[in-house]
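Thanks for making the time this morning. I would like to walk through one model with you, and I will put it on the screen before I say anything about it.

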Amino acid sequence: MEDTLTMAQSLRHARHDFLNELQLIKMNLDLGRIERAQAIIRSHAEAAVHASRLAALKLPKTEEWLLVFKWRFPEFQVQLDCAAVKAPQKLDSEFAEVLETVVQAIRKQMDPAVEYQCRIRVAADNSVFTVALDLNGNWADFDIPPVSEVQVRKECSEDRTIFTVYAQMEG
């Protein structure tokens with residue numbers, strides 16, 4: 001992976017973000033905007049639930065890649081949702097590598113004047129495990145880099161593109 005973060009760098013980013021959010025909560029409370037402060041707290045509690053679900057999948061490389069995404073790729077405003085309760089653990093490295101390949105290729109074509117929203121959804125059913133990157137913008141002319149063990153599909157609309165990395169479940 002390009003631009004990997006050390007543990008210390010990751011912790012520094014997490015601490016910085018945590019302090020910023022505490023300051024935001026304090027500011028809203030000081031201004032009497034209790035509902036807004038409560039919404040921020042709820043949002044962080046929900047994010048913690050999704051991170052716990054992600055950890056339970058036992059995909060350490062994919063988990064790390066997803067959790068440090070917002071710091072490695074600050075040009076994206078990211079939201080992570082994890083609804084999966086199982087995953088093809090033997091494909092952990094492949095998922096992380098393909099996600100890296102796709103995002104690095106996307107970055108090369110990004111317009112620096114555009115704010116990019118990225119919703120990452122991790123899901124699974126009985127037969128397929130998916131990690132979907134839902135981005136604003138039409139990426140119809142974007143060619144998906146060749147991948148091996150897992151597959152990637154692209155769905156484009158006028159103002160959104162979803163890149164889905166997926167594989168069959170084990171067993």
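I will take the pocket, the aromatic residues, the cavity, the cysteines and one backbone detail in that order.

Please keep in mind throughout that what you see is a predicted model, and that what I report has been computed from it.

Let me begin with the largest pocket, which holds about 1,200 Å³ of space and has a lining of 30 residues. If you want to find its centre on the screen, look for Ser43, His44, Ala47, Lys70 and Val78, since these are the lining residues that lie nearest to it. Which elements build this lining with two or more residues each? They are helix H1, covering 7-30, helix H2, covering 34-56, helix H3, covering 60-72, and strand E1, covering 76-82. Among the contributors, H2 has the largest share, with eleven residues of the lining of the largest pocket. In terms of residue class, that lining is made up of 19 nonpolar, five polar and six charged residues.

Next, the aromatic residues. Across the whole structure the search returns nine aromatic pairs, and I will show two of them. In the pair formed by Phe69 and Phe73, the ring centres are 5.1 Å apart and the planes meet at 55°, and because edge-to-face requires an angle over 60 degrees, this pair is classed as tilted. Both partners are buried, Phe69 with a relative accessible area of 1% and Phe73 at 0% relative accessibility. The other pair is that of Trp139 and Phe142, whose ring centres are 6.3 Å apart and whose planes stand at 90°, so that this one is edge-to-face; here too, Trp139 and Phe142 are both buried. Stepping back, ring pairs join Trp65, Phe69, Phe73, Phe76, Tyr116, Trp139, Phe142 and Phe163 into a cluster. There is also a contact of another kind to point out, in which Arg153 lies over the face of Tyr166, 4.8 Å from the centre of the ring.

Two members of that aromatic cluster, Phe69 and Phe76, come back when we turn to enclosed space. How many cavities of 30 Å³ or more does the count give? The count comes to one, and the volume of the largest cavity is about 30 Å³. Its lining consists of Phe69, Phe76, Val103, Ile106, Cys118, Leu133 and Leu135, with helix H4, 92-108, and strand E3, 128-136, each supplying at least two of these residues. By class, the lining of the largest cavity has seven nonpolar residues, no polar and no charged ones.

Cys118 in that lining brings me to the cysteines. The search of the whole structure finds zero disulfides. For Cys82, the nearest cysteine sulfur is that of Cys118, 15 Å away, and because a disulfide calls for sulfur atoms within 2.5 Å, Cys82 is in none. For Cys118, the nearest cysteine sulfur belongs to Cys156, 14 Å away, and Cys118 is likewise in no disulfide. Cys82 is buried, with a relative accessible area of 0%, and Cys118 also counts as buried, at 3% relative accessibility.

Finally, a backbone detail in the loop between H2 and H3, where Lys58 is found. The phi angle of Lys58 is near 60°, which is a positive value in a residue other than glycine. Is Lys58 buried or exposed? Its relative accessible area is 56%, so Lys58 is exposed.

Definitions and conventions. Residues numbered from 1 in each chain as written. Predicted model: local features only at pLDDT ≥ 70, side-chain atom pairs only at ≥ 80, totals over all residues. Heavy atoms only, no water. Buried < 20%, exposed > 50% of the residue type's maximum accessible area, 1.4 Å probe, protein only. 1 Å grid on protein atoms, 1.4 Å probe; cavity = no way out; pocket = protein on both sides within 12 Å on 5 of 7 lines; lining within 4 Å. Points joined across faces, edges and corners; volume = space filled by probe spheres on them. Helix = DSSP H or I, 4+ residues; strand = E, 2+ residues; numbered from the N terminus. Nonpolar A, V, L, I, M, F, W, Y, C, P; charged D, E, K, R; others polar. Phe/Tyr/Trp six-rings, centres within 6.5 Å; stacked < 30°, edge-to-face > 60°. Lys NZ or Arg CZ within 6 Å of the ring centre and 35° of its normal.
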